[in-house]
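Let's take a walk through this protein, starting with the whole thing and then zooming in on a few spots. Keep the structure open and follow along.

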Amino acid sequence: MQKVLLLSHRFLSNWFRLVSRHWFLYLFLLPWGISYAQNTNTVSGTVTGVSDGLALPGVNIIVKGSSSGTVTDIDGRYTINVANQNDTLVFSSIGYTTEEVPVNGRNTIDMTLAEDIQSLREVVVIGYGTAEKKEITSSVASVDAKEFNRGNVNDPAQLLQGKVAGLSIVKPGGDPNAGFNIRLRGLSTFGANSQPLIVIDGVVGGSLQSVDPNDIASVEVLKDASAAAIYGTRGASGVIIVTTKRGSTPGTATIDYNGYVSLEEVAKFVPNSSPQQFVEAGGTDLGNETDWLDLLTDDGITHVHNISIANSTESSSYRASFNYRDVEGIALGNGFDQINGRLNLTQRAINDKLNLTVNLGITRRNASFIPYEALRFAIITNPTAPIYNDNDPEQGYWEPTTPEYHNPMAIANETTDNGNFKTMLGSLLAEYEVVSGLNLSAFYSQQYESDMRSQYFSSRMRFSSASGRGGLANKFSEDRINELFELTGSFKRNLGSLSLNTVVGYSWQELTTENFSAANGNFITDDLLYNNLGLGLDIANNLASMGSLREESRLISFFGRAILNFDDTYFFTAAYRREGSSRFGVNNRWGNFYSLSGGLDLIQLLDLPMDVLKLRAGYGVTGNLPNEFYEYLQRLGPGSRFLYNGSFVPSFGIASNPNPDLKWEQKAETNIGVDFGLFSSRLSGSIDYYVRNTKDVLQVVSVPVPPNFFPTTLENIGELKSNGLEVAFNYLLLENNDGLVYNTGLIFSTFNTELVKFTNESSQLFLGNLGPPGLNNTLVIRVKEGEPIGDIMAPIFLGVDEDGKRIIQDQNEDGNITQIDDAVVVGNGLPDFELSWNNSITYKSFDLNFLLRGAFGHSLVNINRAYYESPAAANNYNPIRTKYYLPNLTEGESWNSYYVEKADFFKLDNITLGYNLPLSGGTAFRNVRFYLSGQNVFVISDYTGVDPEVHYSYGSPLAPGVDDRNSYFRTRTYTFGVNFGF
C-alpha cells in the first residue's frame, strides 16, 4: 500500500507539473467539456448481439453529424445526450454491421447488431500489401494493441515479449539506456545482422526509436523464409512490420490522454560479504561500514505522458500525438528524458481514386550513462573503507592499494557521460486506382538519425585511461540517413472461384553514415567538461586524437508476389526478389531470392466438424548483407604517428584485403504448419516446424601476410543448420452473462542451431574471454563444426581437499591439468525451449492481464563467482557469498565447472489490474481507466547471478551464455496509470 500511495503522489505531482507547463492544451480542451453543459435530452439502452443475445461491450454510439458520443460498458449499457429529439444515433463495432436509428423522442433505445461477415475476414499485413488471414500460406504472427504488454513500457520491443512463438526479446538487467536483443528462431548468421528487419509503415529498415509504444496499432512478424523472401537480402533473420495508429471513426473527433508513474527498485544484487564477514575472511579492517551498493543505487521514478488527437471525414483522416518520457534508472545519475511527436495524415481525392498518406515521426532523447565498472566495483570494494580519505571530501576519494578495482563512488561522481539522440522518420505514399482492382503507388521515405555522445572524466579520476590525464574528454557524433524510393503496382480480382492478389515493384535505397570523433586531455579546469576540447594540453604531447568516416551503400531491387485462392480451399503464394548491392564484389553484386508456399483448407475439402483446420507448407531463400560497406575493397586506414624534424607526422597503412568474390549469405528454409480452431473458435492456435540452412556465412578469417597485405579478410565460408518447433494455443476459457470473460494462451518454442562449417583453417576455436587480470585469455565457449552453438567448456570440479585446494578431474590421466586439455562440455548457453503463458480476465468494469514467461535448459557462466567467490579473495576484494560459497577454500580465482550454473527461470513478467469508470450522460469523457501494473514481480530460478535471462552474445553471437562482470542489476517496477478519452 505504501508503494501505491507513493506512486499516486508522484503521478499527481508530475501531472500538475505538466499542466502548469502546457496549460494552453487545457484551454484548447475546455470547450469540449463546456459543450456538454447545454440543454440536452438523455437516451439510454442496451446493445446485444443478434446471434447469441449477449451484451456487447465497447460499441461506439455517436449522434450523427456531431462529435457527441459514448461507448457501451461491460454489460452493453449506454447513456448519451442528444440535443434534438429528431437526432439519429449511429451504432458501430468491429465485427458487426453499423446501424443508424432515429431517436424520435424516445428515452430508451435497445439495439441488436448482426455480425458483419466481411469485416470478420481478418486482414494481415504481409509486406507490400495485405491478405486475408485465410489466404496466408507461410508462418506469420499478428499482435494488435489490445494484446500488447502493458505497464512501464519504454521500448516498442517490450510490447511483444512473450507474445509470438519463436520470437525472443531479452535484456538482462534493467538499464533504461540498454537496448533489447531480438532473435527470431534462434541464430541465422554470425557475420551479418542477426536481428530481424524492422519495417515501419512501409519504411524498410526503420528505427524503433522513431515510434513511441503508445502510437503502435499492430505488429506482424514474418517468421519463415517464404514470408520474408519478398524483402530479399535483409529477410534472413525475419521481419517485424509495425503499423502505427490512424484516424478515428468518421465523424468522431477523439482526444486521448495516457499517463503513468512508475517506481523501479533493485530486484537482486550480487550477494557479497558484510563488513564483519569480510574481516573474518582475512580482509583489512579500515574502521568503517560502507554499503557501496546502497550508495550507488536508489529507487528510480519514471513518469510518462501521451496525448493524441484524431478525427476522420469521408475524404480524410488524421492522428497527431505527443509523448513525453522522463525515466530514471536505479543506478546513480542513470536515465533519459524523451520527447516524441507523430502525425499520420490520409487524404482521398478524385472520387476516392487517389489516396495520399503522410507519416511523420520525430524523437529527441537526452540520456545519461553510468560506467558499469562502478556497479561491479561496488560489489567487491572493501566494505570497511571510507568514501573519502579520512572521511573528508576535501582530502579526495579513498583509493585501494590494489590496482584491480577503484572507488565506485569516485567513478560515478567524476564521470559525466551524456548522449543526445535525434530521429526523424517521414514518408509519403501516393496510391491511385487506375481501374477497379488495379492500383499504382509511389512511396518515398527518409529516416535521419543523429547521435552525439559526450564524456568527461575529471582530473580526480583514478580509473582506466583517465587516470593521471588531468581530465579526459571524448566526443563522438554520427549521422545516418536511410533514403527509400519505391514504385509498386497491385492487382486484385475475383475470377469466379479463383481470386488473385498480386504485386510487382521496384525499390531504390541509399544508406549514408558519417561520423566524427575527438579526444583530448590535461585540462586546466574540470568546469568546462567536454565543451571545449581545444583547451586540453595533450595536443602538444601527441596524446590527443581524432577520426572521421563517411560511407554510402546502395540497394536496388525488383520484386513481385502472387497469391492465388481457389474456391477458398486451395491457396498458393509465390514471391521473387532480385537485388543488387554496392557492398559486394563486382563478381557477385546481384542475388536472387524467392519463395513458394501453399495451403489447404481441410474444413472446406472434407467438411470436418471444426471451425478452422488449414495445412501450410512453404520453402524460401533469403539473404543477408555484410555490416561493413567496403570490405570487398582494399582500404587505407590511419597508422601510428612518428617524430620527424621535431614534429609528429601521421602515417597510414592497409586496412583490408580486396575480395571481388564477396557475395550474399543465403538462408534456405522449409516450414510446415497447421492452423486450427474448435468450439466456435473458442480454442484456436497454430503449430509450425521449420528447418533452415544458412550457407556462405560472412566471416572474417585470418590470411597469410604475404601474399596478402592485411592479416584478415571478410569471406563467405561458414554454414549453419537449425530446426525448431513452435506451438501457440489460445482458449476462451470462460464467458458468461455476468460479464466474466477469461482468455488464456500458451506459447512454446524450441530452436536448435548447429555449426556445420566454420573456417578453412580449423574445425574449432574458443571464444568468451573471462577477462583480466587473473583469468585473462581463459576462453570458455567452444565453436566446433558439427556441434551445437553455445557449448560451455570447463574442467570438472570435484571438491576441495584438506588443504583448501580445488580438486579437478584429470580427463587425460596424465597428471597435468590444463584449462584446455581437461575441459569438457558442462552446459550450453542457449535454452532447449522457451515458454510463455498469457492471461486476460475481465469482469464488469475490471480487467486483469498477466504474463508468465520462462526459458529452460540453458546455463550461464557466472564470472563474478569465478573471480570473487573465495575467502582468499579478501586479500584484494570483498568476497561474493552465494549458496555455493566454500569457506574452506584457500585459492583465489579459477575456472572450472563449479562456476557454470543452470539458469532455468520462470517469471511473472507483467501483471496489470485495471478499472474502467462507468460513465453516464453529461460528461465530457468517453472513457476513464485507472490501472496498477508490475513488471518482473518475481523470478523463480536457482541461478545465483543477477539475471537468469538468456545471454545471447558475449562479444560474438557465437559466444552465448556468459554473464559479464560489468552488467546492470535486475530491477522490479510498479506502475500507476490513467487513461482518459474525450
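Start with the overall picture: of the protein's 982 residues, 51% count as buried. Bear in mind that what you're looking at is a predicted model. Its secondary structure adds up to 9 helices and 53 strands. The radius of gyration is 31 Å, and the globule rule gives 30 Å for 982 residues, so the protein is as compact as a globular protein of that length. If you lay the C-alpha trace along its principal axes, it spans about 95 × 65 × 65 Å. The accessible surface comes to about 42000 Å², with 55% of that belonging to carbon and sulfur atoms. As for how the chain meets itself, take the contacts between residues at least 6 apart in sequence: 70% of them join residues at least 24 apart.

Now for some sheets. Strands of a sheet pair through backbone hydrogen bonds, and they can do so parallel or antiparallel. One open sheet here is built from 3 strands in the order β4-β1-β7, with mixed pairing. Its edges are β4 (77-82) and β7 (111-113), each of which pairs on one side only. Neighbouring strands in this sheet are turned by 35 degrees against each other on average, ignoring direction. Look at β1 (residues 41-49) and β7: they run parallel and are joined by 3 bridges. If you want a spot to click on, Thr 48 stands opposite Thr 112 in β7.

Another open sheet has 4 strands, ordered β3-β2-β5-β6, and its pairing is antiparallel. Here the edge strands are β3 (69-71) and β6, and each pairs on one side only. On average, neighbouring strands of this sheet are turned by 15 degrees against each other, again with direction ignored. Inside it, β2 (residues 60-63) and β5 (residues 88-93) run antiparallel, held together by 4 bridges. Asn 60 is the residue standing opposite Ser 92 in β5.

Stay with the edge strand β6 (residues 96-102) for a moment, since Glu 100 sits in it. Is Glu 100 buried or exposed? Its relative accessibility is 45%, so it falls in between and counts as partly exposed. The side chain of Glu 100 makes a polar contact with the side chain of Lys 64, at 2.9 Å. Setting aside neighbours within four places in sequence, Glu 100 is in contact with Lys 64, Thr 88, Leu 89 and Val 90. For a sense of scale, Glu 100 and Thr 750 are 650 residues apart in sequence, and their C-alpha atoms are 51 Å apart in space.

Next, jump along the chain to Ser 836, in strand β46 (residues 833-843). Ser 836 has a relative accessible area of just 3%; the cut-off for buried is under 20%, so Ser 836 counts as buried. What does its side chain find there? A polar atom of the Ser 836 side chain lies 2.8 Å from the backbone oxygen of Gly 162. Leaving out neighbours within four places in sequence, the contacts of Ser 836 are Gly 162, Gly 745, Leu 746, Ile 747, Leu 851, Leu 852 and Arg 853.

Finally, have a look at some backbone oddities. Most residues other than glycine have a negative phi, and most peptide bonds are trans. Against that background, the peptide bond from Val 705 to Pro 706 is cis, with omega near -15 degrees. You'll find Pro 706 in the loop between β35 (683-702) and β36 (712-735). A cis peptide bond also joins Pro 772 and Pro 773, where omega is about 5 degrees. Pro 773 is in the loop between β39 (764-769) and β40 (779-784).

Which residues have a positive phi without being glycine? Arg 185 is one of them, with phi near 60 degrees. Arg 185 is placed in the loop between β12 (181-184) and β13 (197-200), and at 0% relative accessibility it counts as buried. Asn 936 is another, with a positive phi of about 55 degrees. Asn 936 lies within a strand, β51 (residues 927-941). Its relative accessibility is 18%, so Asn 936 counts as buried too, given the cut-off of under 20%.

Terms used:
Residues are numbered from 1 along each chain as its sequence is written. This is a predicted model: local features need pLDDT of at least 70, side-chain atom pairs count only at pLDDT 80 or more; totals for chains, interfaces and linings use all residues. Side-chain values use heavy atoms; hydrogens and water are left out. Helices (H or I, at least four residues) and strands (E, at least two) are DSSP runs, numbered from the N terminus. Buried means under 20% relative accessible area, exposed over 50%, partly exposed in between (1.4 Å probe, protein chains only). A polar contact is a pair of N or O atoms within 3.5 Å; within protein, one must be able to donate a hydrogen and the other to accept it, and residues adjacent in sequence count only if both atoms are side-chain atoms. Contact means heavy atoms within 4.5 Å. Two strands pair if DSSP finds at least two bridges between them. Axes are lines fitted to C-alpha atoms, for helices over the stretch in contact, and angles run from 0 to 180 degrees between N-to-C directions. The radius of gyration is taken over C-alpha atoms; the globule rule is 2.2 Å times the number of residues to the power 0.38. Accessible areas come from the Shrake-Rupley method with a 1.4 Å probe; for residues, only the protein chains shown count as cover.
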